[in-house]
Amino acid sequence: MKKILVIGAAGQIGSELTVALRERYGGDHVVAAGRKTKPAEQLLHSGPFEWVDCLAAAPLARVVKKYRIDTIYHLAAILSAVAEADPGLAWNVNISGLYNVLEVAREHRCALFVPSSIGAFGASTPLDNTPQVTIQRPSTMYGVTKVAGELLCDYYHARFGLDTRGVRFPGIISHATLPGGGTTDYAVEIYYEAIRQKRYTCNLPAGTFLDMMYMPDAIKAAITLMEADPARLVHRNAFNITAMNFDPELIAASIRTHIPEFTMDYEVDPVKAKIAASWPNCMDDSAAREQWGWKPDYDLEAMTGDMLAALSKKLQPQE
Ligand code: AKB
């Protein structure tokens, strides 16, 4: 049975991935690791938890040794908008942190999942039907770290035989844990505000089409890729994956099918708008479909129904 470490377990993806991995492999087989955010009770009580900072290699190695870890999901990263505000921090966490994790994985022969992003592309990339292998010249620090990260992971595979695998995540939408400082965060906030206020002020302009995915599909992708037969993997770091693509007008229209009085206006954030304009409108994810059977379960309609139902419960006033 696998022994898994999730770094960044209290984050948007980590908090739900850890729970899913524990359901699949057993609570004791999945160690959750966080740096500063207090983990949810469910995470603390369903299996082991350790405080780990990917910038400190020695304590990380001690945790890997202590639990005889053989697989690491490394989810600690600085997202695009925060990375533009603090490029030094983004370089440190996304590159120095990743380097530490790769080294610990190499020493302890761990398989390693590292997510990349649609942010690994830039304005000179073909933005429609973006191919698996294409131009990657991002203009953001986030993108620079994501491309370098993909290359580093491929290097460790080619040079040291490390089992590194990754996907290029689109914007991830979930109702459990909020994302922190991304360009695609509007697509989460809009659902919260639709429930709370029945109105939303959007920070990306109408017509900004981006790939998106509902959290259950993101979790399915990470687990399926890590369980895939390595003989079938032509690519490794990282696979394009998508589930839907929409602009603010389309997601607002989908919310209006449930909340007809919902309204939206715009106050565009120029930094986020520029970042989003340099990312794909829609990616070609056929390589992932062919090599490890990627197939999403949720489209925009199904996601909207689920998000609004879950948030209506979560945001109910407490008695
Ligand atoms: C962000 O917006 O920075 C992330 C991403 C697409 O990688 N959600």
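A polar contact here is a pair of N or O atoms within 3.5 Å; within protein, one atom must be able to donate a hydrogen and the other to accept it, and residues adjacent in sequence count only if both atoms are side-chain atoms. The model is predicted, so to speak of local features takes pLDDT of at least 70, side-chain atom pairs count only at pLDDT 80 or more, and totals for chains, interfaces and linings use all residues. Residues are numbered from 1 along each chain as its sequence is written, and side-chain values use heavy atoms, with hydrogens and water left out.

Start with the ligand's polar contacts. One of its oxygen atoms sits 2.7 Å from a polar backbone atom of Thr-183, and a polar side-chain atom of Tyr-142 comes to 2.6 Å from a ligand oxygen. A ligand nitrogen, in turn, lies 2.9 Å from an N or O atom in the side chain of Thr-184. On its own the ligand exposes 250 Å², and the protein buries 93% of that (Shrake-Rupley accessible areas, 1.4 Å probe).

Besides those three, the residues around the ligand include Leu-79, Ser-117, Gly-182 and Trp-279 (a residue is near if one of its heavy atoms lies within 4 Å). The shell has four nonpolar residues, five polar and no charged; Ala, Val, Leu, Ile, Met, Phe, Trp, Tyr, Cys and Pro count as nonpolar, Asp, Glu, Lys and Arg as charged, and the others, Gly among them, as polar. At least three shell residues come from each of domain 1 (4-170 + 213-240) and domain 2 (175-212 + 244-281 + 298-314), with bounds from an automatic or database domain assignment.
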